[in-house]
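The following exercises concern aromatic ring geometry and burial. Each task is followed by a worked solution.

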Amino acid sequence: MAGRRRTSGTRVVLALCLLLVWLVGCGGRPATDGAKAEVQHLLDRRAAAILGHDEAAYLRTGAQDRFGNLRAVPLADWSYRLTGLRRTGDSAVAEAELRYRVRGHDRAPVSAGRTLTLSLDAAGGWYVEAERPAKGSVEQLWDQGEVSVVRGDDSLVLGVGQSGPALRSYAALADRAVPAVSQAWGTDWPRRVVVLVPKSLAGMAGLLGAPASSYRGIAAVTTGETGAPAKAPADRIIVNPDAYGVLGGVGRQVVLTHETTHVATRAHTGAATPLWLSEGYADWVGYLGSGRSPSQAAPELWRAVTEGRVPKALPSDADFGFSGDAGRLARAYESGWMACRMIADRWGEAGLVKFYRAVGAHERRAGAVEDALKDVLGTSLEEFTGEWREYLRAQLG
């Protein structure tokens, strides 16, 4: 009897929940195809208003929380694709993939997950209450405020909370970096860069989807996918204005040239490329023509070598962790730079570029460096490491 009563009660609860789902949604429910089509149409109208700079049309789709922030951004494409919709009565939550392209820079759309809160108006039509990055997706610069834009000869600088003169200074540095990188690496890359300058370190962290502590003291980073060079979107150089602002003129140029090198080499940088090579090569290009001696450019490594602590091996990828020991991180970068400097000194600048490309051509890490050392430089990893250690002693001892 007790079991029968529990079964009967369960049926009653289930029936009530089904009734509530039909009426208002039991904790939210997947929307019908008709509602999905209506919301997709709403998102299409919202995207068209952004591309057409039509503020009135944008307002008819709902909240004006992003329109003003985007006004100056030169967009070639902007579209939403609805990926999920859950409705609870007169409100709903939509998940969408935003795809956009910056005119003159992005060869393919950049994708970003977005979450939109929706409501029904008095006439029964959907409108947007708010839009934000989806869970697990990074912020976009316009999520942080109104975007100001400065166009350089080879660069586009987008900033939030930055003055016009400050953004123009970034553009000037980037415009010097692009031809310098092309001279060292070659011209088989787009030869233009997009630089994002948020208001603070916290803004940089939001654009990268990481804690601010991970990038404290890091002046800039480059984002972007590796591989698929013909289809991948353009990289973004993201500046940490807090750390970048304390650098001198030479340091600022080195940083922008370093990051621009990552943009240029991205198509030839993959899973097989160790960080000592990708970061070391970017530093090598960055320091070309700077007049910095090895002891000036590699102070942490210089200190270690003069104290008799010559590294026994090239740095591992783990040594480049931003959240680790600052001295260890500096020595990793400096060690990679000195390795690339040695290759350029002994095998020529063309040999260094050929070696980099040969390593990146491998699909896997295992054997990539070893094969390239043998095929391009005619040496082994053991011999190369020994020569590099002697090079450190000669240059820094």
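A residue counts as buried under 20% relative accessible area, as exposed over 50%, and as partly exposed in between. The model to which this applies is predicted.

**Exercise 1.** Classify Trp-185 by its relative accessible area, and do likewise for Tyr-281.

*Solution.* Trp-185 has a relative accessible area of 3%, so Trp-185 is buried. The value for Tyr-281 is 0%, so Tyr-281 is buried. For the protein, 47% of the 397 residues count as buried.

**Exercise 2.** Determine which class of aromatic pair Trp-185 and Tyr-281 form, and where the two residues lie.

*Solution.* By the pairing rule, the count comes to 15 aromatic pairs. For Trp-185 and Tyr-281 the centres are 5.7 Å apart and the planes stand at 65°. Planes over 60 degrees apart count as edge-to-face, and the pair is accordingly edge-to-face. Trp-185 belongs to helix 5 (residues 164–185) and Tyr-281 to helix 9 (residues 275–287), 96 residues apart. In addition, the charged end of Arg-357 sits over the ring of Trp-185, 4.0 Å from its centre.

**Exercise 3.** Classify the pair of Trp-347 and Phe-384, and state the burial of Trp-347 and of Phe-384.

*Solution.* The ring centres of Trp-347 and Phe-384 are 6.5 Å apart with planes at 35°, so the pair is tilted. Trp-347 lies in helix 12 (residues 326–347) and Phe-384 in helix 15 (residues 381–396), so the pair ties together parts 37 residues apart in sequence. Trp-347, at 26% relative accessibility, counts as partly exposed, whereas Phe-384, at 0%, counts as buried.

Methods
Residues numbered from 1 in each chain as written. Predicted model: local features only at pLDDT ≥ 70, side-chain atom pairs only at ≥ 80, totals over all residues. Heavy atoms only, no water. Buried < 20%, exposed > 50% of the residue type's maximum accessible area, 1.4 Å probe, protein only. Phe/Tyr/Trp six-rings, centres within 6.5 Å; stacked < 30°, edge-to-face > 60°. Helix = DSSP H or I, 4+ residues; strand = E, 2+ residues; numbered from the N terminus. Lys NZ or Arg CZ within 6 Å of the ring centre and 35° of its normal.
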